[in-house]
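Please open the model in your viewer and keep the selection panel at hand. The tour proceeds from one selection to the next.

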Amino acid sequence: MTIFRTRGLSLTLAPLIAAGLICLSSSLRAAEDTDPAAPKGAAVTVLKAQKSCFANIVEVSGTIIAREETQVRPERMGLKVAEVMVDAGDSVTAGQVLARLALPEGGQISVQAPVGGVISATTASVGAMASGKGEALFSIIARGEFDLVGMVPTRDIAKLQINQTARIKVIGAGEVDGKVRRLSTTVEPNSQLAQVFVGVTTNRRLLINSSGRAQIRTGQSCGVAVPLTAILYGTAGTVVQVVRRARVETRRVETGLMSAGQVEITSGLQEGDIVVARAGALLREGDPVRAVTASADAK
């Protein structure tokens, strides 16, 4: 009889145990669904918005000119070139003999450089006539000094000051240093552009009228920054996607300066906010996501 009762009890408890296990399984699934730590949603690469400093740059495109060019001619008339000592492109010092001229009555006189610099052009050739009123025998770029002369919008001219440093890319000569040397006091009425002269500092030989582009540093601005890839531009304005409590939030932001793939955020974002590194239209407001922190190399 005892064996019969035990067996009957087992048959009675079996359905109850099964139902209990089903309820426990459902409860565990529900707990996982409500657990914010449980991984769910698409995996997205994120990074923290950090502070960064941006150089405020004004760009000027223009041409290279001689800052000061000296014309060299003989003081007398009726002379003939007997000997030429230098050619275009040569560097000369003040007082250096450039050529010798034959006098009509015999003998020779020397033509000397009134200033040191670089010979930019010459018409002197043996046997040619030289005159005090004709074409110059030599043109000298005084002290080898050059300027980049260009035009900038009126909104930028107010940012420029004398002696501000510049980095200049000259076609055929690479990058050279420079400083703002002179600013125009007037504006071209039709284009509303103003002229700026940037002095070039280099020992390299530059070609007159070659093109160049100067980046003039006018100051810097420091603030929160994110990569350009984190920015979305649309009809709703400029936005970034932030991950908060494992869900996507769309933040409208105002942008400032840009440098090396980083964008300054002037409003709408705080330092330390978790930002989607590559924002995309597939992510919507409120979407659940799994945040994966970007590596240092990915940044």
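Begin by selecting Asn163, which counts as exposed because its relative accessibility is 52%; exposed means over 50% relative accessible area, buried under 20%, and partly exposed in between, with a 1.4 Å probe and protein chains only. This residue is located in the loop between α2 (154–157) and β12 (165–170). Helices (H or I, at least four residues) and strands (E, at least two) are DSSP runs, numbered from the N terminus. Asn163 is not a glycine, yet its phi is positive, at about 80 degrees. Most residues other than glycine have a negative phi.

A note on the source is due here: this is a predicted model, in which local features need pLDDT of at least 70 and side-chain atom pairs count only at pLDDT 80 or more, while totals for chains, interfaces and linings use all residues. Residues are numbered from 1 along each chain as its sequence is written, and side-chain values use heavy atoms, with hydrogens and water left out.

Next, select Arg245, in the loop between β17 (237–244) and β18 (247–252). Arg245 also has a positive phi, of about 55 degrees, although it is not a glycine. With 73% relative accessibility, Arg245 counts as exposed.

Now display the whole chain. It contains two helices and 22 strands, and 32% of its 299 residues count as buried. Among contacts (heavy atoms within 4.5 Å) between residues at least 6 apart in sequence, 69% join residues at least 24 apart. The accessible surface, from the Shrake-Rupley method with a 1.4 Å probe, comes to about 18000 Å², and 52% of it belongs to carbon and sulfur atoms.

Turn to strand β11 (residues 146–153), where six of the eight residues are buried. Two strands pair if DSSP finds at least two bridges between them. Which strands pair with β11 in the antiparallel sense? Strand β2 (residues 50–66) does so over six bridges, and strand β14 (residues 193–201) over eight bridges. To inspect these pairings, select Ser61 with its bridge partner Met151 in β11, then Phe146 with Val200, which stands opposite in β14.

A further sheet can be highlighted by selecting β3, β10, β8 and β5, four strands that form an open, antiparallel sheet in that order. Its edge strands are β3 (69–72) and β5 (91–92), each of which pairs on one side only. β5 joins strand β8 (residues 117–122) through two bridges in the antiparallel sense; Ser91 and Val118 of β8 stand opposite each other.

Move on to Asp273, in the loop between β20 (262–267) and β21 (274–276). Is this residue buried or exposed? Asp273 counts as buried because its relative accessibility is 15%. Its side chain reaches the backbone nitrogen of Gln270 at 2.9 Å. Leaving aside residues up to four places away in sequence, Asp273 touches Leu47, Lys48, Ala49 and Arg251.

Finish at the surface by selecting Leu228, Tyr233 and Met258, which make a nonpolar patch of about 330 Å². Patches consist of residues with over 30% relative accessible area and no salt bridge (a side-chain nitrogen of Lys or Arg within 4 Å of a carboxyl oxygen of Asp or Glu); like charges are joined within 9 Å and nonpolar side chains (Val, Leu, Ile, Met, Phe, Trp, Tyr) within 5 Å. Met258 belongs to strand β19 (residues 254–259) and counts as exposed, at 51% relative accessibility.

Definitions and conventions
A polar contact is a pair of N or O atoms within 3.5 Å; within protein, one must be able to donate a hydrogen and the other to accept it, and residues adjacent in sequence count only if both atoms are side-chain atoms.
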